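Trainee: Could you take me through the salt bridges of this model, and then show me what lies around them? I'd like one connected account.

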Amino acid sequence: MGRLLVTGGYGMVGSTIPCDIKFNSKELDLTNYSKTLDFFNKEKPENVIHCAGKIGGVGANSTKKGEFLLKNTLINTNTIEVSRLTNVKKLVCLLSTCIFPSKANYPLTPNQIHNGEPHESALGYSYSKRLAEVQIRTYREQYGVNYVSLVPCNIYGPNDNFILGECHVVPSLIHKCYLAKLNNEPLEVWGDGNSYREFIYSKDVGKISMWALNNYDDKTPLIISPSKEIKIRDLVYIIAELMDFKGKITFNSNKPSGQPRKPSDNSIFKELYPNFSFTPIEEGLKETINWFLQNYNTLRK
């Protein structure tokens, strides 16, 4: 397959993918075009799986929309353009189901991506990911490159960001539950808990990314999700049980709950990769919690 570069190679998804080249943000800032070009010219990757990005949960996304838009647009634009300039043969870019319009028809399908504005709570991040899809599509047309995009639902797993106020729902709940248990306090959950989400384990995304590198060549963004929704309230109680939390759980409806639902259609993926088995959420959460507890002193928190 040739030399593989994984951007975000030490992150939640990137760390699950075996590769020849990876770096941390101190070694290379992908928002810097000239440094990114120099790095690619030096390392000469033949293939790229693009996982890097500035990410966060509903709190960070809703309060730092401009920052999320700017940084992710620079990261994506530079990575894709520099890949083209340095003759990268295949690029797989991870998007997110937040790119879909807030008033999309369910289940979410690729042809709806640009049919309206994304949900207000993640406007900046969502538009940066939409632009990456457009960049890949137009580059395929103009330059003939074999670059593709994947659309995962909410990803969770080891090596995630557990910084409270910035992280996604699963790491936030795990960290809050840990602190509540440690301090013998109630576990407060943002929102009313009635929203639904689909979740995919980071190791599954890594496996599918490698599969796509070798097998997926279409311009249509490929939705990858288990197509199983779980209510946030139920997710909270699963995490509490796995962490043996016996205290009080409260839901703060004065805090944002995010989009009510985002069910997606994974039928194309299932046709192309019918034998893929998604990790059950309880199993993935157990592994993530164990990793969190074992690495608490050194993880991002």
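Mentor: Happy to! There are 11 salt bridges in the structure, and the model they belong to is a predicted one. Let's start with the pair formed by Lys 65 and Glu 120, whose closest N and O atoms are 2.6 Å apart. Lys 65 belongs to helix 3, while Glu 120 sits in the loop between strand 3 and helix 4 (123–143), so this bridge ties together parts that are 55 residues apart in sequence. With a relative accessible area of 24%, Lys 65 is partly exposed. Glu 120 is partly exposed as well, at 46% relative accessibility. As background, side chains of opposite charge can pair when their charged atoms come close.

Now stay with helix 3 for another bridge. Lys 71 pairs with Glu 67, and here the closest N and O atoms are 3.9 Å apart; a salt bridge counts when that distance is within 4 Å. Both partners lie in helix 3, 4 residues apart, or about one turn of the helix. The spacing fits a general rule: an α-helix has 3.6 residues a turn, so residues three or four places apart point the same way. Lys 71 has a relative accessible area of 36%, which makes it partly exposed. Glu 67 is also partly exposed, with 32%.

Next comes the bridge between Arg 261 and Glu 229, with its closest N and O atoms 2.6 Å apart. Arg 261 is found in the loop between strand 10 (249–252) and helix 8, and Glu 229 in strand 9, so the pair links parts 32 residues apart in sequence. Arg 261 is partly exposed, its relative accessible area being 32%. Glu 229, at 30% relative accessibility, falls into the partly exposed class too. Some bridges also connect to one another: Lys 54, Glu 67 and Lys 71 are joined into one network by salt bridges that share partners.

Since helix 3 carries several of these residues, let's look at the helix itself. Helix 3 runs over residues 65–85, and its 21 residues should span 30 Å at 1.5 Å a residue; the end C-alpha atoms are indeed 30 Å apart, so the two values agree. Its buried residues are Phe 68, Asn 72, Ile 75, Asn 76, Asn 78, Thr 79, Ile 80, Glu 81, Val 82 and Ser 83. Past its end, Thr 86 lies in the loop between helix 3 and strand 3 (90–94). Thr 86 has a relative accessible area of 17%, and because buried means under 20%, Thr 86 counts as buried. Beyond its neighbours within four places in sequence, Thr 86 is in contact with Leu 37, Phe 40 and Asn 41. Just after helix 3 you will also find Asn 87, which takes a positive phi of about 65°.

Let's go back to strand 9, the home of Glu 229, and look at the empty space there. Strand 9 (229–231) and strand 7 (196–201) each supply at least two residues to the lining of the second largest pocket. Strand 7 gives the largest share, 3 residues. This pocket holds about 250 Å³ of space. Its lining consists of 13 residues, and Pro 226, Lys 228, Thr 279, Pro 280 and Ile 281 lie nearest the centre. By class, the lining has 9 nonpolar, 1 polar and 3 charged residues.

Helix 8, which follows the loop of Arg 261, leads us to an enclosed space. The structure holds 1 cavity of 30 Å³ or more, and about 40 Å³ of space lies in the largest cavity. Helix 8 (267–272) and strand 8 (222–224) each give at least two residues to the lining of that cavity, with helix 8 providing the largest share, 3 residues. The lining is made up of Pro 110, Pro 221, Leu 222, Ile 223, Asp 265, Asn 266, Ser 267, Ile 268 and Phe 269. These lining residues divide into 6 nonpolar, 2 polar and 1 charged.

One last stop is Gly 206, in helix 6 (residues 202–215). Gly 206 is buried, at 3% relative accessibility. Leaving out neighbours within four places in sequence, Gly 206 is in contact with Val 13, Thr 16 and Ile 17. Thr 16 is 190 residues from Gly 206 in sequence, but their C-alpha atoms are 5.5 Å apart in space.

How values were computed: Residues are numbered from 1 along each chain as its sequence is written. This is a predicted model: local features need pLDDT of at least 70, side-chain atom pairs count only at pLDDT 80 or more; totals for chains, interfaces and linings use all residues. Side-chain values use heavy atoms; hydrogens and water are left out. On a 1 Å grid over the protein atoms alone, a cavity is a set of points where a 1.4 Å probe fits but cannot get out, and a pocket is an open set with protein on both sides within 12 Å along at least five of seven lines; lining residues have an atom within 4 Å of a point. Grid points are joined across faces, edges and corners, and a volume is the space filled by probe spheres set on the points. Ala, Val, Leu, Ile, Met, Phe, Trp, Tyr, Cys and Pro count as nonpolar, Asp, Glu, Lys and Arg as charged, and the others, Gly among them, as polar. The expected span of a helix is 1.5 Å times one less than its number of residues. Buried means under 20% relative accessible area, exposed over 50%, partly exposed in between (1.4 Å probe, protein chains only). Contact means heavy atoms within 4.5 Å. A salt bridge is a side-chain nitrogen of Lys or Arg within 4 Å of a carboxyl oxygen of Asp or Glu.
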